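Student: Could you take one part of this model and walk me through it closely, then carry on outward from there? I'd like one connected account rather than a list.

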Amino acid sequence: MKQPVHDWIRAHRRLVAGAAVTLAAALCLAWVGYSLHHACKNVSQYEIVHDGYVEKQGLYPADPAAGLTQVLRTEPGVTLYGVRLMFVTGGRVAQGSLTVRLLSGETLLATSVSDMTALLDGAFVDILFDRPVVMQQGQAYSLAVTAAPAAPEDAVGLVYGEGSMADPALPLVDALSPDRPGRTAALQYITNYTGTRFALKAFAPLAALVLLAVAGGWWLLFVKRAKAHWSFAYLAALLGLAFALVTPPLAGPDEYVHAAGAYALASQLTGQPGVESAYDEDGVYRSRLAMRACDAPHMRAVSGEIGAIAYKEMADGLFSAGNSGALTAAAAVRAPYNVQPVQYLPQALGMLLARTLGLGFYAMLLLGRLANLAAYVALAALAVRFAPAGKNIFFAVGLLPMCLALAGSLSADTAVLGLAFLLSALCLRGACEQRAMSLGAQACVLVLAALLAPAKAIYILLVSLCFFIRPENLGGRARSRAYKGLVCAAALGGWVLANGATVAYMFRSVDVERLALAAAPLAVLGVLAAAAWLRWKKSPAFRRGAVIGGAVLAAVLAAVAVWVAGNSGETLTPEEYAAGIQPNGESVYVFSAGYIVSHLPQTFKLLANTLGRELPTYLQGLVGALPGEPIVYGLEISWTLTLGLLLVLLASCLRQQGRPPRLHGRGRWLLGGVCLGVTALMVLANVSWTPINSATVFGIQGRYLLPVLPLALLLLGECDTVCLKRDSSRGLRFCSAALAAATALESLVLFATA
C-alpha cells in the first residue's frame, strides 16, 4: 500500500513540493497576521485640546448622577472617536460605572459606558464612543460625564486647570452648580482609532498577494517552466505591489520630495503651475505647490508618519471620490533637485489619472506608485529577456527588496534602475553574441544612454558599456566607431546640460589656473609616450631607456602633483573654522574640491573611517534591509534575511562547471573600471557636501550602487574558484522571490509597530 503512495509522490514531486511551499507561506502569513493583530489593535491617535492643569486637582460632582459638563472646541472635519480625560479617584480603586455622552445642544450623538475600576488616579484614560462623530461647522459640542458609584466613597472627579490655566471658551461646570465656570478639564481628542480588527482586514489583501506570488511563482518556475523574463515580470509585479501597500504614505526614501516633483509634473502636463520657489518676507527660500483642496493637508516637506495609525488613515481615505480637480490650495514642499522630467513621467501620469477621476490623495498616491512600478517591471523584465549571460544575476538583483521598494514608491531612482539594467543587458548582448545588432537595439541603446546620463550624474560611466559591443555586430570598425561616438556624444551632451552647474559649484574653490599649468607636463608626457610606443618594438635598447626615463619622469610628476594639490585648494584660518561651527556641532564648511586637494590626508582618513564604520549599513541598504528612509526611521530587517539576500546574490553569479567564461579579457577590465568609477563618483559627490569636521562621509547609501550591481556580480562570477555542479537557476530565482516576500512582511511589521 505504501509503494503506490511513494510512486505517486515521486511522479508529482513538483506539485507536492509546491503544496508544501504554499503551506509554509500560509503559516508564515498567519503568524504575521497574528503579530499585527495583537500589536495594532486598539491603537489611538491623540490631539491635545487643553493641557493647562494641576495634577491631582480634581473637581468632584455634587451629584454623580447629574455629573459634570465640559464644552468642546469645534474642529470642522475632524472625526471624533472619543476623548481622553484625566480622572481623580482619591487614591483608591473606584467601583461602579462611568457614562460619557457627546452632545450637540440637547441631541445625543455618541455614548461611552465603562467600568470605573479602569480609571487610574491622576492618569489619562481613553473614553471611546460607540460610534465616531464628524464635527461640523457651526455646531456646539459638549461632554456630559456622569457616574453610578457602587458606594458613596467611590467618588470620581476630573482633573482641571483654573485661572490662567483655564480656557474661557472651554468651561467645565458642575451640572448642579454652574455658577463657577472658570475651569477647564485636561482634555485630548481621539482623532483616529484602529479598533480590534483593523489589522486583520488591512492585512488580508497583502496576504493574498504574497501567497499568490509564492504559489504562482513556484508553478511558473518549476511546473510551467516559463521563461525567465515572464517569471520575473509576474513576481516583480506582485511583490512590487506588496511593497507599494507596505510602505506608508510618503515614507519611502525621499518620497515626499518625489511626490512633489511628480505632482508638479502632472500639473504642468495640463498647463497648470508646478513648484514655485521664492524668498519670503523673512528672507527664507521656500517652495510651494498649488494643489487640490483634498491633497494639500496630506502633502509634507518631511518624511511621512509610520505606525498603525498611518495605515488606518490610508485605508480610510483610499476610496475617497468626487473631489474637485481645481488647484485651490497650496502646500509647502521640498522641491526636487536636479531631477529630469522623464524620471517622473510614469508617476505623474498615474497621479493625473487619479486627479481626473476625482480620487482622493491616498488613491492618487497609490496610482502614482503603481505606474512607477509598471515602468520598472517593463524595463527590468526586458533586461532579463535580453541579457545573454547572467540572467540569474539580473533576476536576483531586480527582485531585491530595495529595488522593489523603490519601484513601489514615487522615487525618481526607479527610472534610473530600469534604464541602467536594460542598457547593461543590451550592451552585454552586443558583446557576447556573434550576430549583427538590429537597428532597433542600436536605437534603444542610444536612447537609453541619452536618458540615463543626465538622470543621475554618477552613472555617466555606464554609457561606456557601448564600447563593450563587438565592432562586427555593428557593421564593421568604421560604423562601430561612429555609432559609439554618437552614443557618447548624446549622453555627454545631456549630462553637461543637467549637471554642469553642479560640477562647476563643486570646483568653486580650486585654483584652476595653477592646475592647468600643472597639467602642461602631462601633455608633454603624452607626446613622449606616443613616440615611445611607436619605437617600442623596434629597439630593445630603447625599451630599457624608456622604462628608466618614464619612471624618473613619473616620480617627478607625482611630486609636482602633490605640491600643486597641497597649494591649489581651499584653506581656513582657525578663526574661520571656529566661526563655522553650528549649534549642532557640524561645520558650515564642506569638503569642496578645493578643500580636498589641499587636505588629502584628512580626506583619506575620512574615507577609511567611513568604510570601517558604515560597511554593514551599506550592505543593508544595498539589499533593502533598511525599510523606508533609513536616516529618519532607523528600522532594520533581521540579519538572517539580510544574509540570505546577500548569499542569493552571490549564488546567482556562479557559473556551472564546464561552462566557458562569459567575458573576454578586455571586457572584464571595462566592467571593473565602470564599477570602480561609479563608486568613486558616488563617494566624491557625497564627500562634497560632508562637513569638514565629520568623522564619516555624509549621505552615502548602499542603494546608489544598485545600477552597477549586475556588472559587479557578473565580473565576480568569472572566478573559477567556486562553481555550480548543475543548473540551479529556478531554485535561485524562487529563493529571490521568497526572500523578497519575507522582507516585505517584516517591513510591514516594523512599520506598523514603530
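**Strand 4 and beyond**

Tutor: Let's start in the middle of things: valine 83 has isoleucine 127 in strand 7 as its bridge partner. Before going on, a word on what we're looking at: this is a predicted model, where local features need pLDDT of at least 70 and side-chain atom pairs count only at pLDDT 80 or more, while totals for chains, interfaces and linings use all residues. Residues are numbered from 1 along each chain as its sequence is written, and side-chain values use heavy atoms, with hydrogens and water left out.

Back to valine 83, which also stands opposite tyrosine 189 in strand 12. Strand 4 itself covers residues 79-88, and strands here are DSSP runs of E, at least two residues long, while helices are runs of H or I, at least four, both numbered from the N terminus. Two strands pair if DSSP finds at least two bridges between them. With strand 7 (residues 123-134), strand 4 runs antiparallel, joined by eight bridges. Strand 12 (residues 187-193) is antiparallel to strand 4 too, with four bridges. Then there's strand 9 (residues 157-162), which pairs with strand 4 over two bridges, again in the antiparallel sense; there, phenylalanine 87 has leucine 158 as its bridge partner. Nine of the 10 residues of strand 4 are buried, so the strand is largely enclosed by the rest of the structure. Buried means under 20% relative accessible area, exposed over 50%, and partly exposed in between (1.4 Å probe, protein chains only).

Strand 7 leads us on to an aromatic pair. Rings of Phe, Tyr and Trp (its six-membered ring) pair if their centres lie within 6.5 Å; planes under 30 degrees apart count as stacked, over 60 as edge-to-face, and the rest as tilted. The structure has eight such pairs. One of them joins tyrosine 53 and phenylalanine 124, edge-to-face at 6.1 Å centre to centre with 90 degrees between the planes. Tyrosine 53 sits in the loop between strand 1 (44-50) and strand 2 (58-59), and phenylalanine 124 is in strand 7, so the pair ties together parts 71 residues apart in sequence. Tyrosine 53 is partly exposed at 24% relative accessible area, and phenylalanine 124 is partly exposed as well, at 22%. Phenylalanine 232 and phenylalanine 395 make another edge-to-face pair, 5.5 Å centre to centre and 75 degrees between the planes. This one links helix 4 (residues 228-246), home of phenylalanine 232, with helix 9 (residues 391-398), home of phenylalanine 395, across 163 residues. Both phenylalanine 232 and phenylalanine 395 are buried. Trp218, Phe222 and Phe734 group into one aromatic cluster.

Next, another sheet: three strands in the order 13-14-15, open and antiparallel. Strand 13 (275-279) and strand 15 (329-333) are at the edges with a single partner strand each, so one side of each lacks a neighbour in the sheet. From one strand to the next, the twist averages 35 degrees. Strand 13 pairs with strand 14 (residues 285-291) over five bridges in the antiparallel sense, and glutamate 276 stands opposite arginine 288 in strand 14. Across strands 13, 14 and 15 lies helix 5 (residues 255-269), at about 50 degrees to strand 14. Axes are lines fitted to C-alpha atoms, for helices over the stretch in contact, and angles run from 0 to 180 degrees between N-to-C directions. Contact, by the way, means heavy atoms within 4.5 Å.

On to the cysteines, where a disulfide is a pair of cysteine sulfur atoms within 2.5 Å. The structure holds zero disulfides. Cysteine 427 is in none, and the nearest cysteine sulfur, in cysteine 466, is 6.2 Å away. Cysteine 427 is buried, with a relative accessible area of 1%. For cysteine 444, the closest cysteine sulfur is in cysteine 427, 9.7 Å away and too far for a bond; cysteine 444 is partly exposed at 28%.

To finish with the whole protein, there are 23 helices and 15 strands, and 47% of the 754 residues count as buried.
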